[in-house]
Amino acid sequence: MLNDSVAVITGATRGIGFATAKLFLENNAKVVIFGSREESVTKALDKLSEYKDNVLGMYPNLNNENEVANAFKKVVDKFGKIDILINNAGISSSTPLDNYTYEEFSKIMDLNVNAMFLCTKLVVPYMKENGGVILNTSSMVSIYGQSAGVGYPTSKFAVNGMTKSLARELGKYKIRVNAVAPGVINTDMVSSLPKEVIAPIIAGIPLGRIGEPEDIANAFLYLASPMASFVTGEILSVDGAGRA
Ligand code: NAD
């Protein structure tokens, strides 16, 4: 479905980002995975070795303008262009407000919002001539908030705001900007929770299960593909309707 497109995916060494990288490779894209450490990037590349001619790994500091700019330049040197950026790297926390430090709040905003802004700003020049697709990972908490850990939902409300605003600003270049808002997804973070914690979460999801990383990857594939050529500024919930 992606026909030789070149996609850069941040936070792609595991979880949702890794599943998306794999699905995009299966659909004939060239994929560049960004991670936070050399070791995790190497490990992820090993798992994708059957696609080795079409995949590249890097670990720029996503809050450092020079590092991100150099990484994008290397992508273009290797694959000739960038058609798709998925801003997926993100961290969360559920610390109650009384214990929430300014540093913890800033750390969340730095990755979930500021790095998204920086990567987006630096990729757009590569997309202006032939159009492109920018996809952001939001969350169901961007709609409802959450009862502790105010930084994470705040950051995801910002993700939605950036998505909708840039869709309007960049439409004239044929750059589409959308987000996927996952519900509870079976990544490392969730699979380590005890059964007693997971069971009531599942009970609140009408489809009767938590999501798999592949459920989110499928949504990204649709939004990145020409099937979504008239879709922009959209926040697509993929959550089994488990929204409380
Ligand atoms: P994960 O923890 O499995 O993976 C996170 C990825 O982000 C990893 O590849 C990691 O290398 C990268 N990362 C972490 N810190 C980084 C940093 N400082 N710089 C660069 N990269 C960094 O998480 P996941 O569950 O796959 O989450 C991916 C996205 O999905 C996040 O934006 C998260 O907020 C969002 N999300 C997850 C869920 C869920 O239930 N898992 C639900 C809603 C939204």
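# Helices, sheet and salt bridges

User: Which strands does helix 6 lie across?

Analyst: Helix 6 (residues 151-170) lies across strand 5 (132-137), strand 6 (175-182) and strand 7, running at about 160° to strand 6. This is a predicted model, where local features need pLDDT of at least 70, side-chain atom pairs count only at pLDDT 80 or more, and totals for chains, interfaces and linings use all residues. Residues are numbered from 1 along each chain as its sequence is written, and side-chain values use heavy atoms, with hydrogens and water left out.

User: How are helices, strands and angles defined?

Analyst: Helices (H or I, at least four residues) and strands (E, at least two) are DSSP runs, numbered from the N terminus. Axes are lines fitted to C-alpha atoms, for helices over the stretch in contact; angles run from 0 to 180 degrees between N-to-C directions. Contact means heavy atoms within 4.5 Å.

User: Ser-155 in helix 6: buried or exposed?

Analyst: Ser-155 is buried, because its relative accessible area is 0%. The classes are buried under 20%, exposed over 50%, partly exposed in between (1.4 Å probe, protein chains only). Leaving aside neighbours within four places in sequence, Ser-155 is in contact with Ile-108, Met-109, Asn-112 and Val-113.

User: Now the sheet. What's the strand order?

Analyst: The order is 3-2-1-4-5-6-7, in an open sheet of seven strands with parallel pairing. Strand 3 (55-58) and strand 7 (235-238) stand at the edges with a single partner strand each, so one side of each has no neighbour in the sheet. Two strands pair if DSSP finds at least two bridges between them.

User: How many bridges join strand 2 to strand 3?

Analyst: Four, between strand 3 and strand 2 (residues 30-34). Val-31 has Val-55 as its bridge partner in strand 3. Helix 2 (residues 38-47) lies across both strands, at about 165° to strand 3.

User: Switching topic. How many salt bridges?

Analyst: Seven, counting a side-chain nitrogen of Lys or Arg within 4 Å of a carboxyl oxygen of Asp or Glu. One of them joins Lys-30 and Asp-4 (3.2 Å, N to O). Lys-30 is in strand 2 and Asp-4 in the segment before strand 1 (6-10), 26 residues apart.

User: Which residue pairs with Arg-14?

Analyst: Asp-188, with the closest N and O atoms 3.9 Å apart. Asp-188 is in helix 7 (residues 188-191), Arg-14 in the loop between strand 1 and helix 1 (15-26), 174 residues apart. Both are exposed.

User: Where do Lys-22 and Glu-26 lie?

Analyst: Both lie in helix 1, four residues apart, about one turn of the helix. Their side chains meet in a salt bridge (3.2 Å, N to O).
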